[in-house]
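Welcome to my notebook. I opened a new structure today and wrote down what I looked up, one entry at a time.

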Amino acid sequence: MNDLRHSAANRANEQPAIGLALGGGFARGFAHLGVLKVLEQNHIRLSHIAGTSVGSVFGAAYASGAPLARILATSRTIRFRDIARWTVSRLGLASNHRLADIIERVFDSQRFEDMKIPVAVVATDLASGEPVVFRQGPLVEAIRASCAYPGLFEPVQIGTRYFADGGLVAPVPTQAARQLGASLVVGVSLGTQDGNRTAPKNIFQVVARAVSAAQKHQLDTWERHADLVIRPDVQSLAWDDFGRANEAIEAGEAAARLALPRIQQLLAASEQSASRLRSASCAQAWLTGSLHPSGRLT
């Protein structure tokens with residue numbers, strides 16, 4: 001399988017390409033790996049990756065240059081205890097410090113500046129309620145902040161600011177992908193419902209459903225920045241179904257394969273547009289070079 005991640009110097013001449021925006025969804029996030037697998041198999045180049053919550057974990061892992069096979073193998077062994085450590089705190093029931101161990105073990109690079117693909121990680125500033133897009137410095141704290149789901153995980157302090165899950169303000173970070181410089185943006189949404197219509201049975205379900213209700217009203221906000229949205233069918237998976245990683249990965253693969261013709265159409269249209277611009281630029285350069293100082297053609 002060809003690896004389509006290259007240095008920044010090479011990427012400039014590798015159009016067309018897409019920017020990928022990976023949304024949150026806890027265990028459903030394994031579906032992102034299925035999407036990445038299909039894109040890689042079909043030689044779809046990625047120009048930028050933006051991630052929210054679990055999307056930031058897998059997006060940054062891939063952008064770091066880590067082999068997809070390694071990421072897939074690790075994902076099949078991950079359990080909630082590998083991410084969380086229960087704690088006594090007024091701010092949350094658990095800490096996600098253990099994410100740092102996964103990042104150290106799986107990623108090839110651990111700083112934004114060293115990524116093979118430019119990456120952005122989105123978190124929520126708890127003071128302002130606004131999204132914060134991390135693009136430089138260490139990855140670990142930015143990813144922990146993006147994954148700090150309220151009510152479950154403690155907020156993550158960076159400097160004097162406290163951050164929570166990026167999904168609160170950017171369920172699918174399509175705008176962050178645009179801001180990175182992506183000309184084509186494909187979002188991957190893992191849905192806002194847990195597939196369970198019964199009464200909530202614990203505090204986690206209460207918080208999750210409350211957040212999902214708020215996210216349903218943000219669809220227009222992030223969808224308008226996407227050229228295409230891929231929606232893997234993972235509604236039957238609960239937030240903590242880490243043992244069903246294979247199902248989520250397969251759902252991501254199936255959704256990406258369905259979207260592949262449209263992605264290829266978008267890339268072809270982008271290449272045609274870029275070709276016309278290059279032709280116009282060459283014509284302008286020729287005309288400028290052919291003009292005599294008097295304004296006459298020579």
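**Entry 1: a covered helix**

I started with H6, and this helix is mostly covered, with seven of its eight residues buried. I should say straight away that I am reading a predicted model. I listed the buried residues of H6 as Leu-139, Val-140, Ala-142, Ile-143, Arg-144, Ala-145 and Ser-146.

Next I looked up Gly-151, which is found in the loop between helix H6 (139–146) and strand S7 (156–158). Gly-151 counts as partly exposed, because its relative accessibility is 39% and the range for that class runs from 20% to 50%. I also checked Gly-151 against Leu-91: the two are 60 residues apart in sequence, yet their C-alpha atoms lie 7.4 Å apart in space.

**Entry 2: how confident is the model?**

I looked up the confidence next. The chain averages a pLDDT of 87, and 78% of the residues score at least 70. Over residues 6–13, though, the pLDDT is below 50. In the model this stretch has nine contacts beyond near neighbours in sequence. I kept a reminder for myself: where pLDDT is low, the predicted coordinates should not be read in detail.

**Entry 3: the largest cavity**

How many cavities of 30 Å³ or more does the structure hold? I found two. The largest cavity has about 280 Å³ of space, and 21 residues line it. Nearest its centre I noted Val-54, Val-57, Ile-83, Leu-99 and Phe-242.

I then asked which helices each supply at least two residues of this lining. They are helix H3 (54–63), helix H4 (68–75) and helix H5 (99–106). H3 gives the largest share, four residues. By residue type, I sorted the lining of the largest cavity into 17 nonpolar, three polar and one charged.

**Entry 4: the second largest pocket**

I moved on to the second largest pocket, with a volume of about 230 Å³. Its lining has 14 residues, and Pro-131, Val-169, Ala-170, Gln-175 and Ala-176 lie nearest its centre. Two or more lining residues come from each of strand S6 (131–134), helix H7 (174–180) and helix H9 (219–223). The largest share is that of H7, with four residues. I sorted the lining of this pocket into nine nonpolar, five polar and no charged residues.

**Entry 5: aromatic rings**

My last search was for aromatic pairs, and the count came to nine. I looked closer at one of them, Phe-80 with Trp-239. Is this pair stacked or edge-to-face? The ring centres are 5.6 Å apart and the planes meet at 85°, which is over 60 degrees, so the pair is edge-to-face.

This pair links distant parts of the chain, 159 residues apart. Phe-80 sits in the loop between H4 and strand S3 (85–86), while Trp-239 sits in the loop between strand S10 (228–230) and helix H10 (245–290). I checked how covered each partner is. Phe-80 has a relative accessible area of 17%, under the 20% cut-off, so it is buried. Trp-239 is at 21%, so it counts as partly exposed.

Finally, I traced the ring pairs that link residues into a cluster. Its members are Phe-26, Phe-30, Phe-58, Phe-80, Trp-86, Tyr-149, Phe-153, Trp-239 and Phe-242. I noticed Phe-242 here again, since I had met this residue among those nearest the centre of the largest cavity.

Terms used:
Residues numbered from 1 in each chain as written. Predicted model: local features only at pLDDT ≥ 70, side-chain atom pairs only at ≥ 80, totals over all residues. Heavy atoms only, no water. 1 Å grid on protein atoms, 1.4 Å probe; cavity = no way out; pocket = protein on both sides within 12 Å on 5 of 7 lines; lining within 4 Å. Points joined across faces, edges and corners; volume = space filled by probe spheres on them. Nonpolar A, V, L, I, M, F, W, Y, C, P; charged D, E, K, R; others polar. pLDDT = per-residue confidence, 0-100. Contact = heavy atoms within 4.5 Å. Phe/Tyr/Trp six-rings, centres within 6.5 Å; stacked < 30°, edge-to-face > 60°. Buried < 20%, exposed > 50% of the residue type's maximum accessible area, 1.4 Å probe, protein only.
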